[in-house]
Protein chains: 2
Amino acid sequence: MDKFTRNFLTEWRRLRLPFADKSFVLAVSGGADSVSLALAAARLQTEQKLRHKFLIAHYDHNLRGAESARDREFVEDLAGRLKIEFVCRTADERRRYDDGNLEQNARRQRYAFLLETARKTGSGGVLTAHTLNDLAETFLLNLIRGSGIEGLSALKTVRNFAECEDVRLIRPLLVWAKRDDTESFCRKHGIEFRQDAMNDDLDFRRVAVRKKLIPLLAEFNPAIIETVARTSLHLGADRALLDNLLSSDEKFGALVEKPRPEIKSLKELAAPTLQKFLRKWLVERRGDLRRLDATHFRAISDLIHSRKSGKVVELPGFETVRKEKGKLIFQKPEVEK
Amino acid sequence: MDKFTRNFLTEWRRLRLPFADKSFVLAVSGGADSVSLALAAARLQTEQKLRHKFLIAHYDHNLRGAESARDREFVEDLAGRLKIEFVCRTADERRRYDDGNLEQNARRQRYAFLLETARKTGSGGVLTAHTLNDLAETFLLNLIRGSGIEGLSALKTVRNFAECEDVRLIRPLLVWAKRDDTESFCRKHGIEFRQDAMNDDLDFRRVAVRKKLIPLLAEFNPAIIETVARTSLHLGADRALLDNLLSSDEKFGALVEKPRPEIKSLKELAAPTLQKFLRKWLVERRGDLRRLDATHFRAISDLIHSRKSGKVVELPGFETVRKEKGKLIFQKPEVEK
C-alpha cells in the first residue's frame with residue numbers, strides 16, 4: 001500500500017472510526033486535496049481495509065460559468081472511474097446574497113447540502129479533505145482578524161454538525177497531509193485534478209494568506225505550515241483541557257446554566273474565568289458566538305464591574321445583555337408576528 | 001498631565017504597584033521606548049504622584065564602537081537632565097560567546113546587570129520599556145519558531161526574576177503603548193532619543209519580523225500590532241487559568257511533585273493533561289523548559305505509552321528521561337569533579 005493511503009488508514013484508526021457497514025459522504029470539489037481523499041477511500045475499499053458505502057458529493061457553486069460545469073463533470077467522471085456513487089447540487093443564484101457575504105453564504109449552502117446528503121443516505125459522517133495547509137491558513141486568518149484560543153484552534157479532526165448531532169464532520173487528512181502530498185499522490189496514480197477548483201478560493205483573504213503571507217513566513221522557517229498547524233493543534237488540546245476542567249468545576253458549571261446569574265457571583269470570578277464564563281453562558285443563550293468580538297466581551301465585563309446599574313450592552317442583531325436587579329440578563333430581539 | 005503619563009499612572013494603579021517609599025531601576029537603552037519610560041517616571045515624580053527613588057541603568061553592549069559610547073553618553077546626559085541617578089556597565093568582550101549565541105548572551109548579561117543593580121540598591125523592581133509592538137513581535141517570533149501557549153504569551157506585565165524572587169520585572173508600557181506613542185511622546189517634550197538604540201536590534205530575526213512581516217500583515221489589518229498583542233494577552237489569561245485549575249486539582253498536583261511518578265498513573269491522563277504534566281514535572285526537575293521542543297515531549301509521551309520498557313529519551317545537555325520498574329525518571333548528567 002502506498003504511503004498516503006497508509007497514513008489515511010493510520011489516522012482512521014487513531015480517530016477510532018468504524019471499519020465496516022457504515023456510509024460516509026466524501027466532499028469532493030475536484031482539487032488535489034479532495035481527489036486524494038476520494039482516491040484513498042476507494043483504494044482502502046478495494047483492499048477491503050474499509051468496507052463502507054462511500055458517496056461522492058459535489059457542490060457546484062455555479063460561480064464561474066463553464067469552469068464550474070467542467071469541475072462538476074470532472075468529479076462525476078472521477079466517481080465513475082472509482083465506482084463510487086455521485087451526488088451533486090447546483091447553487092441557487094437567487095440565494096447567493098441572502099445573508100452575510102458571498103463566501104460565507106457559499107460555504108453555508110455547501111455544508112447544508114453535505115449534511116442533507118448524509119441524512120438522506122443514513123450516513124454517519126461527512127469527510128472533508130482539509131489538510132495541514134488549511135489548518136495553518138485558518139490559524140493565520142483568525143490571528144489577523146483578531147481571535148482568542150477558540151479561533152486559533154478552530155479546525156478539529158472530528159466534530160458534530162451543530163444542526164444535527166448524529167452526523168459527524170470528519171477531516172481525516174487534517175493533521176498529517178500537506179497540499180504537496182495530495183498533489184503528488186494524485187500524480188503518482190495518474191489521476192488528474194482541477195487546478196484552483198478549491199472552494200476556499202472564494203475567500204480572497206485566504207488566497208492572499210496562501211500566496212503572499214505564507215511564502216514570506218517560509219523565508220523565516222521553511223517548515224512553517226507544519227509549525228503553525230502544530231501550534232493550532234496544541235492550542236486545541238489546551239482549550240479542550242480548559243473546557244474539561246471548567247465543566248468539572250461545579251460552581252462554574254452551575255453559573256453557566258443560570259439564565260439570570262447574580263452579578264455578585266460574577267464579580268467574584270477572576271478575569272480569565274469571567275471571560276470563559278461569558279463565552280459559555282452566551283453560547284448557551286445564543287447557540288454560538290457568531291459576530292461577537294473582544295469589544296463585546298469587554299463591554300459586558302465592564303457592565304458587571306461598574307457600579308452604575310440598568311446599563312445595557314448592545315450585541316449584533318439587536319440582542320442585548322443588561323444588568324437588572326443584581327442579575328445579568330441576555331435578551332433576543334422580540335419577533336414581530 | 002499629558003495622555004502618555006496618565007496612561008502610565010493608570011497602568012501603575014491597575015498593577016497595584018506602590019506609590020511611595022520604594023526604589024525602582026529603569027532600564028534605559030536610549031531608544032524612544034525607554035526614554036519615554038524614564039520621562040514618564042520623572043514627570044510622575046515631579047508631580048508627586050509617585051514618590052520613589054528611581055535609578056536609570058544602562059547596559060553598554062559595546063558592540064558598535066563609537067555608536068555604543070554615544071548611546072551611553074546620551075543616556076547619562078538624559079539622567080542628568082531628569083535628575084535621576086545613573087548606573088552603567090560596559091560588556092566584557094571576552095564573555096560574549098560564553099554560551100549560546102551573541103544575542104542570547106547579550107540579553108542574559110544585560111538582565112544580570114539589571115538584577116544586580118536592583119539588589120545593590122534595595123530596589124523591589126526593574127522597569128523595562130516593552131510595548132505592544134514587542135508583545136506582537138515576540139508572539140510572531142515564537143509562532144515562527146514553533147511554540148505552544150507558553151511561548152505565544154511569553155511577555156507578562158509583571159513577573160519575578162527566576163534568580164531572585166524579591167525583585168520583580170515590571171513592564172508598565174506593555175499592554176497599552178505602541179512604538180508610535182513613545183516616539184511622539186518624546187518629540188512632544190522635545191526630548192531626543194537614539195534611533196536604533198534598541199537592544200532588540202541584536203536579534204536579526206526580530207528586526208526582520210518588524211521590518212518585513214508586520215508591514216505585510218498590516219496590509220490585511222492596519223491594527224495588526226494591537227490585534228496580535230491582544231491575542232497574546234488573551235492566551236496569557238487562558239494559560240494562567242489553566243495553570244490555576246490544574247494546580248488546584250489535587251491528584252494532578254501530587255503527581256507533579258513526585259520525583260518518580262508511576263507510569264500507570266500517567267497512562268490514565270488524557271493527552272493534553274499529560275502534556276501539561278510533563279511540562280510542569282520537567283520544570284520542577286530542571287528549573288525551566290529551555291532547549292526542549294515538541295519532539296522531546298512527543299518522545300516522552302511515546303515512552304510512557306509504548307509497551308517496551310527500559311527505553312530512554314535523551315534531552316539536550318546529556319539529560320535523560322527513562323522508564324524503569326514502572327516509574328518515570330528524570331536524570332541530569334553526572335558532574336565530574
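Me: How do you know that the end C-alpha atoms of helix α13 (residues 294-305) of chain A are as far apart as they should be?
Reply: The expected span is 1.5 Å times one less than the number of residues. For the twelve residues of α13(A) that gives 16 Å, and the end C-alpha atoms are 16 Å apart, which agrees. Helices here are DSSP runs of H or I with at least four residues, and strands are runs of E with at least two, numbered from the N terminus. The model is predicted: local features need pLDDT of at least 70 and side-chain atom pairs pLDDT 80 or more, whereas totals for chains, interfaces and linings use all residues. Residues are numbered from 1 along each chain as its sequence is written, chains are lettered from A in the order in which they are written, and side-chain values use heavy atoms, without hydrogens and water.

Me: Why is Thr5(B) called buried?
Reply: Buried means under 20% relative accessible area, exposed over 50%, and partly exposed in between (1.4 Å probe, protein chains only). Thr5(B) has a relative accessible area of 0%, and is therefore buried. This residue lies in helix α1 (residues 3-14) of chain B. Beyond its neighbours within four places in sequence, Thr5(B) is in contact (heavy atoms within 4.5 Å) with Ala40(B), Arg43(B), Leu44(B) and Phe185(B).

Me: What makes Lys120(B) and Glu116(B) a salt bridge?
Reply: The term requires a side-chain nitrogen of Lys or Arg within 4 Å of a carboxyl oxygen of Asp or Glu. The closest N and O atoms of Lys120(B) and Glu116(B) are 3.7 Å apart, and the pair forms a salt bridge. Because they are four residues apart in helix α4 (residues 102-120) of chain B, about one helical turn separates them.

Me: Why is Lys120(B) called exposed, and why is Glu116(B) called partly exposed?
Reply: Lys120(B) is exposed because its relative accessible area is 66%. Glu116(B), at 33%, counts as partly exposed.

Me: Why does the salt bridge of Arg179(A) and Asp33(A) tie together parts that are apart in sequence?
Reply: The two side chains meet at 3.5 Å, N to O. Arg179(A) lies in helix α7 (residues 179-188) and Asp33(A) in helix α2 (residues 32-46) of chain A, so the pair ties together parts 146 residues apart in sequence. Both residues are buried.

Me: How do you know that Lys276(A) and Asp238(B) form a salt bridge?
Reply: Their closest N and O atoms are 3.5 Å apart. Across the interface of chain B and chain A, the rule finds four salt bridges.
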